Amino acid sequence: LKPFVGATYFPPEDKYGRPGFKSVLRQLATAWKNEEGEIRTQAGQVTEQLRKVAGGSSAVAERLPDAKLLQTAFEQLASRYDATHGGFGSAPKFPRPVTHNFLHHFAAVEGGNTKPGARALEMSAESLRKMAAGGIHDHIGGGFHRYSVDRYWHVPHYEKMLYDQAQLAVAFLDASRLTGEAGFADPARDILIYVLRDLTDPKGGFYSAEDADSLPAPGAPH
């Protein structure tokens, strides 16, 4: 149960010079059969490095951040905020729901009537508005694409991730609760309808993602 290999994406079949997932599995099976000892050693080294990065103990992982750390994180986000188009940084732009979760937490801790708290809520709310109005939001099929290839949220990368839908639904609902704007609940409702319709298996599980090559379910909007 220790990691020894990882990647972001493998196509179903070999193409464009990239190994397909089945080819990768065959290579891993061969490597495990012929080089198990070396793999176990490498896996142990990787695990040890991850422990060091995490701080080496569960106590560190469970320690709550202090006010200074929260303030530093807030200032870093504020320095990268796009006041014109919403979001943080330039193209490509990812929704990054954890950023909104942090800003909502920071606003709650500081208080909405304080300058930092109001600023945090403003940055999150305006970014969510821009995303909901942009092309990263699928206004026909529902849900949100993985990211926008431009800084305006206009042109989406045609892939929808289950984890984005789950976290963005929470971010929009929190924004609705914190701002009192009922309109933030609409994108959340749209997300949940999409997940139940297109990312839910008839047997009860959830599909992890849908990309531009995914076949639509019978009767689903094309």
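Buried here means under 20% relative accessible area and exposed means over 50%, with partly exposed covering the range in between. With that in hand, welcome to a set of close-ups of a predicted model.

**Close-up 1. Arg119 and Glu122 form a salt bridge within helix α5.** The two side chains meet at 3.6 Å, taken from N to O. Three residues separate them in helix α5, about one turn of the helix. Buried or exposed, or something in between: where does Glu122 fall? Its relative accessible area is 43%, so Glu122 is partly exposed. Arg119 is likewise partly exposed, because its relative accessibility is 29%.

**Close-up 2. Glu181 and Arg129 are joined by a salt bridge.** Their closest N and O atoms lie 2.6 Å apart. Glu181 sits in the loop between α6 and α7 while Arg129 belongs to helix α5, so this pair ties together parts that are 52 residues apart in sequence. Glu181 counts as partly exposed at 32% relative accessibility, and Arg129 counts as partly exposed at 33%. Through shared partners, salt bridges connect Glu126, Arg129, Lys130 and Glu181 into one network. The whole structure holds 14 salt bridges.

**Close-up 3. Helix α1 carries a salt bridge between Glu36 and Arg40.** Here the N to O distance between the side chains is 2.9 Å. Both residues lie in helix α1, four residues apart, which is about one turn of the helix. Glu36 has 33% relative accessibility and therefore counts as partly exposed.

**Close-up 4. The largest nonpolar core has 17 residues.** Which of its members touch the most others? They are Leu128, Met131, Phe144, Phe172, Phe184 and Ile191. Helices α5 (115–133), α6 (162–179) and α7 (185–198) each contribute at least two residues to this core. Leaving aside residues up to four places away in sequence, Leu128 touches His100, His104, Ala171, Phe172, Ala175 and Phe184. Another core lies apart from this one; it has 12 residues, including Phe74, Leu77, Phe88 and Phe102.

**Close-up 5. Aromatic rings pair up in the model, giving a count of eight aromatic pairs.** Phe74 and Phe106 make a stacked pair, with 4.5 Å centre to centre and 10° between the planes. This pair links distant parts of the chain, since Phe74 lies in helix α3 (residues 67–79) and Phe106 in helix α4 (residues 97–110), 32 residues apart. Phe74 and Phe106 are both buried. Tyr81 and Phe88 form a tilted pair, at 5.6 Å centre to centre with 50° between the planes. Tyr81 and Phe88 are both buried too. Ring pairs also bring Phe74, Phe102 and Phe106 together in a cluster.

**Close-up 6. Val170 of helix α6 has its C-alpha atom 7.4 Å from that of Ala188.** Along the chain, Val170 and Ala188 are 18 residues apart. With a relative accessible area of 41%, Val170 is partly exposed, because that value falls between the buried and exposed limits.

**Close-up 7. Phe4, Val5 and Trp32 form a nonpolar patch on the surface.** Together, these three residues have about 280 Å² of accessible area. Phe4 is found in the segment before α1 (21–54). Its relative accessibility is 34%, so Phe4 counts as partly exposed.

Terms used:
Residues numbered from 1 in each chain as written. Predicted model: local features only at pLDDT ≥ 70, side-chain atom pairs only at ≥ 80, totals over all residues. Heavy atoms only, no water. Patch = residues over 30% accessible without salt bridge, like charges linked within 9 Å, V, L, I, M, F, W, Y side chains within 5 Å. Areas by Shrake-Rupley, 256 points an atom, 1.4 Å probe, with all protein chains shown as cover. Salt bridge = Lys/Arg side-chain N within 4 Å of Asp/Glu carboxyl O. Buried < 20%, exposed > 50% of the residue type's maximum accessible area, 1.4 Å probe, protein only. Core = buried A, V, L, I, M, F, W, Y, C linked by side-chain atoms within 4.5 Å. Contact = heavy atoms within 4.5 Å. Phe/Tyr/Trp six-rings, centres within 6.5 Å; stacked < 30°, edge-to-face > 60°.
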